[in-house]
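Let us work through a protein model, one question at a time. Keep the structure open as you read.

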Amino acid sequence: MIHNFFQFFKIYRKLHQPRLASSVIFSFLFFIFLIPGDANAATLYFSPSSGSHSIGGSFSVSVFVSSSDQAMNAASGIISFPPEKLQVLSISKIGSIMSLWVQEPSFSNAAGTINLEGVVLNPGFTGSSGKVITITFKVKSAGPTPLNFTSGSVLANDGNGTNILTSLGSAEFTLDVSGTTNEEADQATTPSDRTGASLAPQVTSQTHPDPTAWYANSSPQFSWSLPNDATAVSFAVTKNPGSNPGTLSDGIVSTKKYDAMDNGIWYFHLRLKNKNGWGDISHFKFQIDAERPALTIEIEDPSDLTEPTRRFLTKATDAPSGIDGYKIGIDSADLTPWKDEKGTHIYETPALSPGDHRVTIKAYDKAGNLDTETKQFSIKALDAPVFTDYPQELVADEVLKLKGRSYPNSTVVVFLKTEDENIIEERITTDDTGAFSLIWPSRMKRGLYEFWGQTIDGRGARSFDSEHFNITVGTKVFLQIGSLVISYLTTIITLLILIFALLLMVWYGWQRFRAFRFNIKKDVNHAEKVLHKTFDLLKEDIREQLKLLERAKTRRRLTQEEELILKRLKQHLDEAEQYVNKEIHDIDDLLGL
């Protein structure tokens, strides 16, 4: 019935009789709404119902109807808002489920009221989020700001016009100087006042998809769907969330990219034109921070260098987006997130082992840019524990007892390594004087053991390992035999080493002697040859002299002196030859030649 009525209403409007049409629809609604029927739950509510916004900015709020149990075909309401804090800029019917308006949505900024009254044609609306209108507000002053329905109704599509409204929603917003807009305001729409103009295009960004996030990319790109009836496109980028890109066409395009933009919060504004004129304006927020943060760290040097922890004062700043967090790693460990929950900017390491260390701190801003700083530092070790009483040998199943000293009221960790390389540890607390005594909890089994210790004080400071000691555990007979065998083996090995050393010395001396004898033999042979050759030459000379004397003797009588010389030369030549041969023979005998 209501469907046929609205067809009749359309005919009246085409005949340019709007007043008559309004009278007819009022009479019809009055008639059907007075007929009783079954009631079901319906709600009028705002979305979003909360958020924070800055003074001078704008944001949008939509009115929705929920009627999940039964179809509804009409809704009305009066909304109140504080006029000293908010100003209505526009009311948009884009996307509304209302097909017919009893009267156009209206508002009064002086009174702080908004009126709406519309009808949904047959078969009505069933669902939880039917948009009625979208209201765009401008923020005038700070403070908590409520939105409320002062009255309202939702009528069922049951032929009786039953009011099924059960609740009216409300909203409250925080308005301040530094407030941040919510996502819906980040992607707001400024409605057009031209009927039939293009709807606000849905703007998306491949490079900056989330309006609430910061990006290090300074070259944003935007895209939108281009309707078939579009005749022009106008866009602009400003820092004003409500800017109008104007009516100068930038061509018929569906994408736009900007290069090397400055850091900050920006808004991309877009509107389309068709034959009916310029349409609604889309406002898309995007945030750029291509600048890395500035990080410095300072180490606080402790008075006691054995202090196992270190404190670092972190100073990080980032003007565009702000510091989002830190990651910290010690030495070669992976970096893990760190939150400055106390707001002191001080990071304190856990207790570390003695030695050289390195801390690496990375500061991240909200765009993912980072700065890294590294500091080197050292932790001095405590003095290692000293073992004053310990056994070198034990009988199997005997108890191991150890005594020593370290720092007063500290913990001594004793490590015991077995033959199969397993390491067992026991802890003992020193007394006020630093002394400690440890009885190993389990009895010792046969084998060879190694033990050592390490000190840990109440701060967690540690020492390096102490000296390592060996313990032999066996049966009693085994230990006695073992000691005897070791004693004999020690003696025998010592004698063998001495004998070997003596033989080595003899062999070395003999080799030296052989080399000496060989050299002497070589020199003697050479001397003998030289001597023989020299003596032969001498003999030849003497014999020549003797021959001369012999010839002179045949010719004349030799003088007494010449006779004496001839006789002595023969005698001395024979004696010299005998003497040289004897001496060479003696040397050969001496050298075994």
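The questions below cover sheets, charges and backbone details of this predicted model.

Student: Which strand sits in the middle of the open sheet that holds β26 and β31?
Tutor: Strands of a sheet pair through backbone hydrogen bonds, either parallel or antiparallel. This open sheet has three strands, and its pairing is antiparallel. β26 (386-389) and β31 (435-439) stand at the edges with a single partner strand each, so one side of each has no neighbour in the sheet. The order is β26-β28-β31, which puts in the middle β28.

Student: What is the average twist in that sheet?
Tutor: Take the three strands in order, β26-β28-β31. Going from one strand to the next, the twist averages 35°.

Student: Which residue of β31 stands opposite K401?
Tutor: Strand β28 covers residues 401-405 and runs antiparallel to β31. Five bridges join the two strands. Opposite K401, in β31, stands I439.

Student: Which strands form the edges of the open sheet that contains β20?
Tutor: This sheet has three strands, paired antiparallel, in the order β19-β20-β23. An edge strand has a single partner strand, so one of its sides is left without a neighbour in the sheet. That describes β19 and β23.

Student: By how much are its neighbouring strands turned against each other?
Tutor: Look again at the order β19-β20-β23. Ignore strand direction and take the average for neighbours. The turn is 25°.

Student: Which residue is the bridge partner of I297 in β20?
Tutor: β20 spans residues 311-317. It pairs with β19 in the antiparallel sense over seven bridges. In β20, the partner of I297 is T314.

Student: β33 pairs with β27 and with β32: which pairing is parallel, and which is antiparallel?
Tutor: Start with β32 (residues 447-456), which pairs with β33 over five bridges in the antiparallel sense. There, L448 has T472 of β33 as its bridge partner. Now take β27 (residues 393-395), where V395 stands opposite G474 in β33. Three bridges join β27 to β33 (residues 469-474), and this pairing is parallel.

Student: How far apart are the closest N and O atoms in the salt bridge of D371 and R292?
Tutor: Side chains of opposite charge can pair when their charged atoms come close. The cut-off for a salt bridge is 4 Å. D371 and R292 form one, with their closest N and O atoms apart by 3.7 Å.

Student: How many residues separate the two along the chain?
Tutor: D371 is in strand β25 (residues 370-379). R292 is in the loop between β18 (277-288) and β19 (294-300). The pair links distant parts of the chain, and the separation is 79 residues.

Student: How many salt bridges does the structure hold?
Tutor: The pair D371 and R292 forms a salt bridge. For the structure, the count is eleven.

Student: What charge does the surface patch with R551 carry?
Tutor: R551 lies in helix α4 (residues 476-555). R543, K547, R551 and R555 gather in this patch. Lys and Arg count as positive, so the charge is positive.

Student: Where are the cis peptide bonds that lead into P48 and P123?
Tutor: The bond from S47 to P48 is cis, with omega near -5°. The bond from N122 to P123 is also cis, with omega near 15°. P48 is in the loop between β1 (42-47) and β2 (50-54). P123 is in the loop between β6 (113-119) and β7 (125-139).

Student: What is the phi of H345?
Tutor: H345 is in the loop between β22 (336-338) and β23 (346-348). Its phi is positive, though the residue is not glycine. The value is near 65°.

Technical notes
Residues numbered from 1 in each chain as written. Predicted model: local features only at pLDDT ≥ 70, side-chain atom pairs only at ≥ 80, totals over all residues. Heavy atoms only, no water. Pairing = 2+ DSSP bridges. Helix = DSSP H or I, 4+ residues; strand = E, 2+ residues; numbered from the N terminus. Axes fitted to C-alpha atoms, helices over the stretch in contact; angles between N-to-C directions. Patch = residues over 30% accessible without salt bridge, like charges linked within 9 Å, V, L, I, M, F, W, Y side chains within 5 Å. Areas by Shrake-Rupley, 256 points an atom, 1.4 Å probe, with all protein chains shown as cover. Salt bridge = Lys/Arg side-chain N within 4 Å of Asp/Glu carboxyl O. Charge placed at Lys NZ, Arg CZ, Asp CG, Glu CD.
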